[in-house]
Amino acid sequence: MTSTLEHRMTTTLEHVATLAARAGGSVVRQVRSVLEPGALPTAGAAVEPASRWLVVTVYRERAEIDTGNLPAPLAEYGDEIEVLVREAADAKGTELGARLRTPPPSGISGAAAKVRGDDPRAKLRSALRRAKQLLEVGEVLKVDPVPHGKRSATPGGLVLEAVTRRADREGVL
Amino acid sequence: MKAATWRGINEIGVEDVPEPTILNSHDLILEVNLSATCGSDLHLLGGYIPAMRSGDVLGHEFMGTVAEVGSGVTRHQVGDRVVVCSFISCGQCWYCDNQLWSLCDNGNPNPGITEALWGQSIGGCYGYSHALGGFAGSHAPYIRVPYADRGAFPIPDGVPDERALFASDAAPTGWTGAHQAEVKPGDVVAVWGAGGVGQMAARASMHMGAERVIVIDRFDNRLEQVRTHIGAETLDYEEVNVVAELRERSGGRGPDVCIEAVGMEAHSPGPQYIYDQVKQQMRLQTDRPTAVREAIYACRKGGTVFTLGVFAGLVDKFPLGAVMNKALTLRGAQQHGHRYIPEILDLMSRDEVRTEHLATHVMPLDQAPKGYEMFKNKEDGCVRAVFTTQN
């Protein structure tokens with residue numbers, strides 16, 4: 001009886017897992033098809049850039065964003081990036097995505113690049129944020145040179161300065 | 001110019017800093033007339049928000065006179081008397097257009113810090129750490145105001161400086177709490193904290209038609225201000241059982257809306273306070289949520305709890321069971337001041353909002369260290385120390 005039950009449970013779990021995998025795969029494919037119109041992964045997926053899309057929503061009409069004349073921070077990348085533009089639902093503006101054609105370093109070299117502060121995806125993240133500001137406001141907000149008094153050379157202060165220097169490039173985006 | 005700066009934990013300095021310049025076309029340079037201390041500054045002073053660098057200019061609640069305008073500024077001219085919202089918001093993104101100004105996508109040049117902390121970045125704030133942009137604060141003779149057409153508001157003739165000053169932060173923060181908590185006619189509203197923001201949340205709740213507004217604190221002079229200048233009821237939490245009193249005053253239901261205007265350094269009698277202090281000092285939690293816990297416990301079933309005091313990170317022993325089982329709505333926000341300041345200035349011009357009593361101690365900027373000490377320790381009945389900067 002126990003073995004029958006175990007068999008049933010195992011079979012059921014396998015079935016659920018298979019369904020979940022199928023459903024998950026389906027959901028992933030559907031999301032990707034929405035995000036990447038006309039760019040569904042195919043048998044040649046091995047050549048697809050490993051970099052995921054970095055996306056911001058720009059509060060501008062779709063017609064106002066000319067992919068042939070992108071703001072300078074993105075235009076400077078030329079053919080190094082792919083760009084997607086899509087109207088956001090519910091009048092939230094236009095989704096503007098970008099990703100590197102050359103996969104960024106992964107594993108240890110990727111982690112090392114992040115520590116060194118030269119992760120190419122971080123630079124692209126900053127470029128997207130600046131492009132959004134240019135499209136929405138017309139210029140990028142500056143903060144430096146900011147008036148301040150004497151900076152003491154404390155360990156905490158130096159860490160904060162290092163974090164702040166990279167704060168325009170880091171984040172969840 | 002001389003400015004009041006953060007020198008380290010519990011250390012305020014007055015030192016020379018360069019004068020600000022226009023960096024973006026939408027900037028203006030403001031000659032600061034008055035600049036207030038704020039309870040949220042104490043979190044910076046105490047080191048609870050570890051994103052301050054020595055030399056950072058403090059201050060985010062201020063008013064003054066326009067000294068210079070950038071080429072893109074169209075609504076202000078040199079010589080205009082204005083009050084400036086403490087939050088820096090572009091006015092062009094989806095959040096600003098939907099009146100959620102403190103959530104601005106573009107007002108914080110350091111979005112990576114708060115994205116790492118909270119998952120999303122919010123707008124910038126003057127003199128409030130590098131996590132909120134690293135902008136210089138207003139405890140100085142001059143300050144740069146970005147997005148000036150959006151963030152600076154003309155002060156109506158007849159509104160004195162000492163009143164208009166608090167249209168920068170305390171009053172619109174109070175309005176944000178009451179409005180976003182959806183206070184409506186007939187509500188019983190309880191407000192934890194009788195500082196400037198708590199008083200303004202109470203005043204806003206009354207303005208929005210609340211039947212009873214009850215403010216909770218332990219300092220007699222603040223509670224007296226609430227009764228005298230705001231017209232709300234008071235409770236001294238060291239003298240009474242707050243939850244039982246609130247039940248009695250709300251017909252046994254509990255307040256419809258509970259607004260917490262205390263923040264991450266809450267105080268309470270009893271062992272709970274010691275527990276929270278120990279955990280906070282050991283960095284096992286970043287914030288002390290004592291007043292939030294009590295607000296959740298006191299709130300009526302199906303009511304709303306609004307966290308208006310500043311919190312930075314993580315809290316312990318959060319009563320999620322009460323939130324879920326009592327079907328509470330839990331909300332919070334920094335101030336969406338751009339939305340409320342014009343209305344507040346209008347009410348100020350008609351004497352329907354009075355705030356000058358908050359400025360209990362007005363002093364020259366070079367006395368900022370003393371002012372902060374008095375404010376922090378509530379010495380001599382200090383509710384807010386306010387600095388004059390042009391002397």
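Where chain A meets chain B in this predicted model, the contact draws 33 residues from chain A and 39 residues from chain B. On the chain A side, the elements that give two or more residues are α4 (120–136) and α5 (155–165). Of the elements there, α5(A) gives the most, with five residues. If you sort the residues on this side of chain A by class, you find 11 nonpolar, 10 polar and 12 charged.

Let's stay with chain A for a moment. Its secondary structure consists of five helices and three strands. Reading from the N terminus, you meet them in the order α-β-α-β-β-α-α-α. Chain A has 173 residues, and 25% of them are buried. Now take the contacts in chain A with a separation of 6 or more: 66% of these join residues 24 or more positions apart.

Two spots in the backbone of chain A deserve a visit. To see what is special about them, keep a general point in mind: most residues other than glycine have a negative phi, and most peptide bonds are trans. The peptide bond from A:D144 to A:P145, however, is cis, with omega near 5°. You can find A:P145 in the loop between α4 and α5 of chain A, and α4 and α5 are the elements named above for the side that touches chain B. The other spot is A:D90, which is not a glycine and yet has a positive phi of about 60°. Look for A:D90 in the loop between β2 (81–87) and β3 (94–100) of chain A. Is A:D90 buried or exposed? A residue counts as exposed if 12 or fewer other C-beta atoms lie within 10 Å of its own. A:D90 has 6 such neighbours, so A:D90 is exposed.

Chain B offers a partner for this story. B:S129, also a residue other than glycine, has a positive phi near 80°. B:S129 sits in the loop between β8 (124–125) and β9 (142–145) of chain B. Here the count of neighbours leads to another label: B:S129 has 24 C-beta neighbours inside 10 Å and therefore counts as buried.

Follow chain B onward to strand β9, and you arrive at B:Y142. This tyrosine counts as buried because 23 C-beta neighbours lie inside 10 Å. Which residues does B:Y142 touch, leaving aside those up to four places away in sequence? They are B:M1, B:E19, B:P20, B:I29, B:L30, B:E31, B:V32 and B:A67. For a sense of distance, B:Y142 and B:N106 are 36 residues apart in sequence, and their C-alpha atoms are 23 Å apart in space.

UniProt annotations can help you to divide up chain B. An unreviewed entry lists residues 25–156 of chain B as "domain: Alcohol dehydrogenase-like N-terminal". In the model, this span is 16% helix and 27% strand, and its end C-alpha atoms lie 26 Å apart. The annotation "domain: Alcohol dehydrogenase-like C-terminal", likewise from an unreviewed entry, covers residues 196–265 of chain B. That span is 44% helix and 20% strand, with its end C-alpha atoms 16 Å apart.

Next come two pairs of helices in chain B. Helix α7 (residues 196–207) packs against helix α8 (residues 220–230) at an angle of about 35°, and their axes are 11 Å apart. The crossing of α7(B) and α8(B) is right-handed. Where they meet, α7(B) brings B:Q199, B:A202 and B:R203, while α8(B) brings B:Q225, B:V226 and B:I230. These residues divide into three nonpolar, two polar and one charged.

The other pair is α9 (residues 242–249) and α11 (residues 290–298) of chain B, which pack at an angle of about 35° with their axes 10 Å apart. Again the crossing is right-handed. B:V242, B:V243 and B:L246 in α9(B) meet B:E294, B:Y297 and B:A298 in α11(B). By class, this contact has five nonpolar residues, no polar ones and one charged residue.

We finish in the interior. In soluble globular proteins, nonpolar side chains tend to be buried together. In this model, the largest nonpolar core has 147 residues, and those with the most contacts inside it are B:V83, B:V191, B:A201, B:I259 and B:I344. Not counting residues up to four places away in sequence, B:I259 touches B:G177, B:A178, B:A181, B:V189, B:V191, B:A201, B:F306 and B:L308.

Definitions and conventions
Residues numbered from 1 in each chain as written. Chains lettered and ligands numbered in written order. Predicted model: local features only at pLDDT ≥ 70, side-chain atom pairs only at ≥ 80, totals over all residues. UniProt positions renumbered as here; feature names shortened; annotations may be inferred. Helix = DSSP H or I, 4+ residues; strand = E, 2+ residues; numbered from the N terminus. Core = buried A, V, L, I, M, F, W, Y, C linked by C-beta atoms within 7 Å. Buried ≥ 20, exposed ≤ 12 C-beta atoms within 10 Å, placed from the backbone. Contact = placed C-beta atoms within 7 Å. Axes fitted to C-alpha atoms, helices over the stretch in contact; angles between N-to-C directions. Left-handed = near helix turned anticlockwise from the far one by under 90°. Nonpolar A, V, L, I, M, F, W, Y, C, P; charged D, E, K, R; others polar.
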